[in-house]
Every structure is written in C-alpha cells, then in structure tokens.
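The following explanation is intended for a reader who meets this structure for the first time. Please keep the sequence and the model in view while reading.

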Amino acid sequence: MKVAVVGATGLVGEVMLKVLEERNFPVSELIPVASKRSIGKHISYKGKDYKVVGMEDAINMKPDVALFSAGGDTSLEWAPKFAEAGITVIDNSSAWRMDQSKQLVVPEINASKLTSEDKIIANPNCSTIQMVVALAPLHKKYKIKRIVVSTYQSITGTGVKAVKQLENELAGIKGEMAYPYPIHQNAIPHCDVFEDNGYTKEEMKLVRETQKILDDRTIAVTATAVRIPTAGGHSEAVNVEFENDFDLAEVRQLLNESPGVVVQDNIDVNTYPMPIYANGKDDVFVGRIRRDGSQPNTLNLWIVSDNLRKGAATNTIQIAEYLTAHKLL
C-alpha cells in the first residue's frame, strides 16, 4: 500500500512513522510530505532513506491513504484536494471533526460507521480519545448523564516549540516561548485559545467530540484543561454521573475486558496510572476507580495515555488498519 505521511517532519509525523513500522503496516511505498521549508529533507523508515516532497507532488504520486498531521489550515486547504484525487485522508487536526458529513473515529468505539465513501476521516483530539476509550463501555452499560473532566496535559501536545521551551527553562537558557508563561515548575490553565464562553477550544473539544463519538448529544460535559511540565502523556481526572447505578467490581471487569484499556488500580501497593508509565505505549490506562460519595450513581476515574501515540499517531493508523482489513481503501 502506498502511504503518504503529511507533516512527516513534525512531532506526530515522526511518531506515525515509528508506529507504522512497529505495527508492520503494509507500506509498499512511503511518501513523506511536509511544508515548503522541509521539502528535500531526508527521513529514514525501516532502514531506507526517503526524500520529503511537497503537497502537489504527493497527490501526483497517488497514495492509497494520506495520514495528515500538519495543522488545521493545511488540512482545510489540502485534504479536499487529496480526496478529489481518490486518496483517503485520515486527518489529525481539528479541521473536520465537527463537520456533520465527516466521521470522527476511535476504532474501538465507532469504526463500523466507516464506508468506502469516507474520503476525509477525522481523528479526534488526544484528550478526547483517551477519555472516550475508557468511558464508552461504561456508557453502554449505565448510560452517562454528565462528565466533569480536568486534564493535566503534556507539553508535547503543543509541539516542538513547547518541548524546546521546557528544555531551555531547565537549562536556564532564555529562548522562544510557546506559552505566555514559564512552564517549568508551573501549571497553566490555558490549552489552545479562549472562546467567547470563557472556555478554551481544548475544553470545548472534550464537550463536542465526546457527544459526537458516543453518538449521544444528551451527555453533559464540562472541562478544565491544564498544561503541565510533563512529556510522557496526558492525564485526566474524570467524574462521571450515570443514569443507572453501578457495581464497582463490574466497572473494573468492564474496563478490563475493553480493547485498548489497561486497569492499573491497586492502592495497597500504590499502583495507578502515570505519564511516566504511559510514555511510548498505545494503551489507555485507568485507575483510582472509586465511587463519588457526594451524589448517586457517580464514579471517579484517573485516565492516562500517551498523547502522541493513542492520542494521535496510533489512533490514525488503527483507522487505516480497519479500512485495510475491511477493504475500504
């Protein structure tokens, strides 16, 4: 299969290449694609050297699938051009997620909605993906009424510039800043830009995308997204109220049996999810599972996942794997 990786020189693009190799995706020809300033650079994949090409050249090379991670503006401009050429696009940006004509896919939950007609497929936001992977089986059993989520998000979600900012601060070097404040020894309650309602785009993505993926607009969601100086993954404190009561042992069993979920929940030996353990892994880790004693039918969870892998690259490639397995490409 001829595979284009658009944004191949970026943080997520680099992880995509790594995950394609690890999962042995059937790549017969790799087409690394990037912006004009990166054209002509070389990248390595499975021991072979590949030259980075531009958008037009990539379309002319007729890949079967294009994995996009090059930002919303690039996706809005170029994804339709790839699609018009008969190329299936799986897009990591926020550009197409809330478009009613596009599928927003987490394979463990709703890949079955995909058809060969879907030429632009949206990959959800990283913080949304890990939360819904854990909550989908519980929603099916108990029906979610309301979610209150606070996120503790890795700097890698912002990109290379943020990683460099933290490195500079640790080394005592003044340099370009990705954030309006220092991130070292700090927590910034500001992920993405603020909307008119006082919430950030990141917070509203958790609201809108959760409802779309779980196919239930009645689920009430409120979020606070915070950037912290970690690099291994995103963490989330999730409080979820159900319509029906639950048994904690059954909740653990449902999570244990859910694809992509690993339960780490033994407080007797201080076992709980942390970014340091999630880093480099594809699973969603769930722990601190406990009943909220302040109101009925309500559960507290702590959810952690590598935002560059399951939150971006791996989820994208799992979508491509589903399309391949079901002959939709």
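**Cysteines, sheets and selected residues**

The sulfur of Cys126 has its closest cysteine sulfur in Cys191, at 9.0 Å, which is too far for a bond. The model discussed here is a predicted one. A disulfide is a covalent bond between the sulfur atoms of two cysteines. Seen from the other partner, the closest cysteine sulfur to that of Cys191 is the one in Cys126, and the 9.0 Å between them is again too far for a bond, because a disulfide requires the sulfur atoms to lie within 2.5 Å. The structure as a whole holds zero disulfides. As for their surroundings, Cys126 is buried, with a relative accessible area of 13%, and Cys191 is buried as well, at 0% relative accessibility.

The strands may be considered next. Strands of a sheet pair through backbone hydrogen bonds, either parallel or antiparallel. One open sheet consists of five strands in the order S2-S1-S5-S6-S7, and its pairing is parallel. Its edges are formed by strand S2 (29-33) and strand S7 (120-122), each of which pairs on one side only. From one strand to the next, the twist averages 20°.

Within this sheet, strand S5 (residues 65-68) offers a convenient place to begin. Which way do the side chains of S5 point, and are they buried or exposed? Val65 and Leu67 point one way, Ala66 and Phe68 point the other way, and all of them are buried. On one side, strand S1 (residues 2-6) pairs with S5 in the parallel sense over four bridges, and Val5 stands opposite Leu67 of S5. S5 is also joined by four bridges to strand S6 (residues 88-91), and these two strands run parallel. Here Ala66 has Val89 of S6 as its bridge partner. Between S5 and S6 the chain passes through helix H3 (residues 72-84), and this β-α-β crossover is right-handed.

Moving on from S6, the reader reaches S7, which pairs with S6 in the parallel sense over three bridges. The bridge partner of Asp91 in S7 is Ala122. Two helices that pack on this sheet can now be added. Helix H1 (residues 11-22) touches S1, S2 and S5, and its direction makes about 155° with that of S1. Helix H10 (residues 309-325) touches S5, S6 and S7, and its direction makes about 150° with that of S6.

A second open sheet is built from six strands in the order S9-S8-S10-S13-S12-S11, with mixed pairing. S9 and strand S11 (261-263) each have a single partner strand, so one side of each is left without a neighbour in the sheet and the two stand at the edges. On average, neighbouring strands of this sheet are turned by 20° against each other, direction ignored. One pairing within it joins S10 to strand S13 (residues 298-305), in the antiparallel sense and over eight bridges; Val240 stands opposite Leu299 in S13.

Helices also lie across strands of this second sheet. Helix H5 (residues 126-142) lies across strand S8 (144-153), S10, S11, strand S12 (284-291) and S13, and runs at about 25° to S10. Helix H7 lies across S8, S9 and S10, and runs at about 145° to S9.

Two loop residues complete the tour. Asp216 belongs to the loop between helix H7 (201-213) and S9. Why does Asp216 count as buried? Its relative accessibility is 10%, and the cut-off for a buried residue is under 20%. The side chains of Asp216 and Lys143 are joined by a polar contact of 3.0 Å. Apart from its neighbours within four places in sequence, Asp216 is in contact with His139, Lys143 and Gln211.

Pro229 is located in the loop between strand S9 (220-227) and strand S10 (234-242). With a relative accessible area of 32%, Pro229 is partly exposed. Pro229 and Ile183 are 46 residues apart along the chain, and their C-alpha atoms are separated by 5.8 Å. Ile183 is also one of the residues in contact with Pro229 once neighbours within four places in sequence are set aside; the others are Ile155, Leu166, His184, Gln185 and Asn186.

Technical notes:
Residues are numbered from 1 along each chain as its sequence is written. This is a predicted model: local features need pLDDT of at least 70, side-chain atom pairs count only at pLDDT 80 or more; totals for chains, interfaces and linings use all residues. Side-chain values use heavy atoms; hydrogens and water are left out. Buried means under 20% relative accessible area, exposed over 50%, partly exposed in between (1.4 Å probe, protein chains only). Two strands pair if DSSP finds at least two bridges between them. A crossover is right-handed if, with the strands pointing away from the viewer, the path from the first strand over the helix to the second runs clockwise. Contact means heavy atoms within 4.5 Å. A polar contact is a pair of N or O atoms within 3.5 Å; within protein, one must be able to donate a hydrogen and the other to accept it, and residues adjacent in sequence count only if both atoms are side-chain atoms. Axes are lines fitted to C-alpha atoms, for helices over the stretch in contact, and angles run from 0 to 180 degrees between N-to-C directions.
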